[in-house]
Amino acid sequence: METEATPTPDPLAPVPGTGRPVPEAGPDIVRRWQAEGGELVELLSQVRERFGGVAAFRLGSAPTVLVTDPGAVQQVLARHPDRYVKRSHRARLLIGDGVLSATGAAWKSQRRLLQSQFTGTGMRRYEQRITEAARTTAGRWDEYARTGQSFDVGREMRRFALDAIWRALTGYPLDDGTERELDAVAAVATALPTLPADVTDAHDAVAADLARIDAVARHAVEAARDGAPGPDGPGLLHVLIDAAAERPEYTDRLIRDEMVTLMVAGHETTATTLTWLYLLLDQHPAAREQALAAGGDGSEQRRQAVQALVHEALRLYPSAWILPRHATEDGTLAGYTVEAGSDILVCPYLTHRDPELWPDPEHFDPRRFTAPDGRPAHPGAYFPFGMGPRACLGLQFALRESTVLLEHLLPAHTVNFSATPTKAVYGITVRPDGPTPATLVRPRT
């Protein structure tokens, strides 16, 4: 989800067309990768390692330029977003014309409407809803601990994050029936990378799940129009409905698209981050103890230490692991000429694991975000939610809900996994490949 801002001209920006040719990986690398059936991230890793932070390869006739150099990242995403533009979003089948996939004037208008809801006063409106969702989750975990019941950590994180965004949207807690129907959101999101290229065939493959999502959205919109606000007051859905009274572009379809966009972006990424964090804490239990020892319950010191856990998990597994753009005109990145028509792949996942920026980058160390000089100073070195005009709109919401939940759960329980995934899946997000069954143990007092 993205920050509305008009980019200021950069007087130090290189003149387009004056750089050297972008180093390009030969076809042998691509052919070998294709023959091995590897993940895209494996090809990108090889290209970056051999050719640097701005490098090209070809999967078709047009060049694809991989960008991981911090300065070049900032050029693409923040300083020249009009030159390196976002085109269609991979999730358009699911989110339609919501703010995440919208472009041009439509995006600016939609962004402007939602911007105030996720900063300052807008965020304070949702504090209590996030807290109630965290308390509900904490109550379930207390029962799991009391009974010794096994549960799936990833599913619990999705359940919490969906409850939090549902309360923000509607003013009501998530009920069991709605939760079951909204399993379809995760099902479609997971299927997207493997769907047929043909739009009709892709839609047909997930038509039943899309119908379930549409039914939930339609019911929620009707309830918001006809009924009183929920116990926590009106939600984001009411903001969209009120906009429709003055702005004809806010049809029922666009309201549905914005609602589904907010559900997808507002719960899938947060749930995945929290799941990764618990898997990382299982490998590094001292990090949990250090965070809790930083200060007492509710203290600013503990909050900052907990936020550092989240940031380090996001460094290793950023919410958006790859950010596609398209060059509309010639430009220069890190001294290299990028031709108009090139596809651009900005890759936070690889930037965050660059040993020249992050010492011992594969190691989980939350102190990077609490110690002086623990992280690189360049803003293009850490951007798990993107940066520039299209940076994540819900950044503060995601960080707040993650922190609040961990403040409730970390002191009360230690998670014991009975099995853990062995690898990651690189789809819309980077998610664990497999279930995360676990039981809870109360720490000794």
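**Exercise 1. A pair within one helix**

Task: In this predicted model, find where Arg 146 and Glu 143 lie, and say what joins them.

Solution.
- Step 1. Locate the residues. Both Arg 146 and Glu 143 are in helix H6, three residues apart, about one turn of the helix.
- Step 2. Recall the geometry. An α-helix has 3.6 residues a turn, so residues three or four places apart point the same way.
- Step 3. Check the link. Arg 146 and Glu 143 form a salt bridge, and their closest N and O atoms are 2.5 Å apart.
- Step 4. Check the surroundings. Arg 146 is exposed, at 60% relative accessible area. Glu 143 is partly exposed, at 35%.

**Exercise 2. A pair far apart in sequence**

Task: Which parts of the structure does the salt bridge of Arg 48 and Asp 354 tie together?

Solution.
- Step 1. Take the distance. The side chains of Arg 48 and Asp 354 meet at 4.0 Å, N to O. A salt bridge requires these atoms within 4 Å.
- Step 2. Place both ends. Arg 48 belongs to helix H2, while Asp 354 sits in the loop between helix H16 (348-351) and H17, so the bridge ties together parts that are 306 residues apart in sequence.
- Step 3. Test for burial. The cut-off for buried is under 20% relative accessible area. Arg 48 has 18%, so this residue is buried. Asp 354 has 11% and is buried too.
- Step 4. See the wider count. The whole structure holds 32 salt bridges. Some are linked in a network: Arg 140, Arg 155, Glu 156, Arg 159, Asp 176, Glu 179 and Asp 183.

**Exercise 3. Helix H12 and its surroundings**

Task: Describe how H7 packs with H12, then decide whether H12 is largely enclosed or open.

Solution.
- Step 1. Give the geometry. Helix H7 (residues 153-170) and helix H12 (residues 236-244) pack at about 40°, and their axes are 4 Å apart.
- Step 2. Name the contact. H7 supplies Ala 168, Leu 169 and Thr 170; H12 supplies Leu 236, Leu 237 and His 238.
- Step 3. Sort by class. The contact of H7 with H12 has four nonpolar residues, two polar and no charged ones.
- Step 4. Count burial. Seven of the nine residues of H12 are buried, so the helix is largely enclosed by the rest of the structure. Among them are Val 239, Leu 240, Ile 241 and Ala 243.
- Step 5. Find the cover. The buried residues of H12 are covered by elements including H5, H6, H7, H11 and H13.

**Exercise 4. Cysteines**

Task: Why is Cys 347 not bonded to Cys 392?

Solution.
- Step 1. Recall the bond. A disulfide is a covalent bond between the sulfur atoms of two cysteines.
- Step 2. Compare distances. The cut-off is 2.5 Å between sulfur atoms. The closest cysteine sulfur to that of Cys 347 is in Cys 392, 17 Å away, which is too far for a bond.
- Step 3. State the count. The structure has zero disulfides.
- Step 4. Add burial. Cys 347 is buried at 0% relative accessibility. Cys 392 is buried at 16%.

**Exercise 5. An open sheet**

Task: In what order do the strands of the open sheet with E5, E10 and E13 lie, and which are at the edges?

Solution.
- Step 1. Read the order. Three strands run E5-E13-E10, with antiparallel pairing.
- Step 2. Find the edges. E5 (151-152) and E10 (414-417) each pair on one side only, which makes them the edge strands.
- Step 3. Look at one pairing. Four bridges join E10 to E13 (residues 437-441). Among the partners, Thr 414 is matched with Val 441 of E13.

Definitions and conventions. Residues numbered from 1 in each chain as written. Predicted model: local features only at pLDDT ≥ 70, side-chain atom pairs only at ≥ 80, totals over all residues. Heavy atoms only, no water. Pairing = 2+ DSSP bridges. Helix = DSSP H or I, 4+ residues; strand = E, 2+ residues; numbered from the N terminus. Axes fitted to C-alpha atoms, helices over the stretch in contact; angles between N-to-C directions. Contact = heavy atoms within 4.5 Å. Nonpolar A, V, L, I, M, F, W, Y, C, P; charged D, E, K, R; others polar. Buried < 20%, exposed > 50% of the residue type's maximum accessible area, 1.4 Å probe, protein only.
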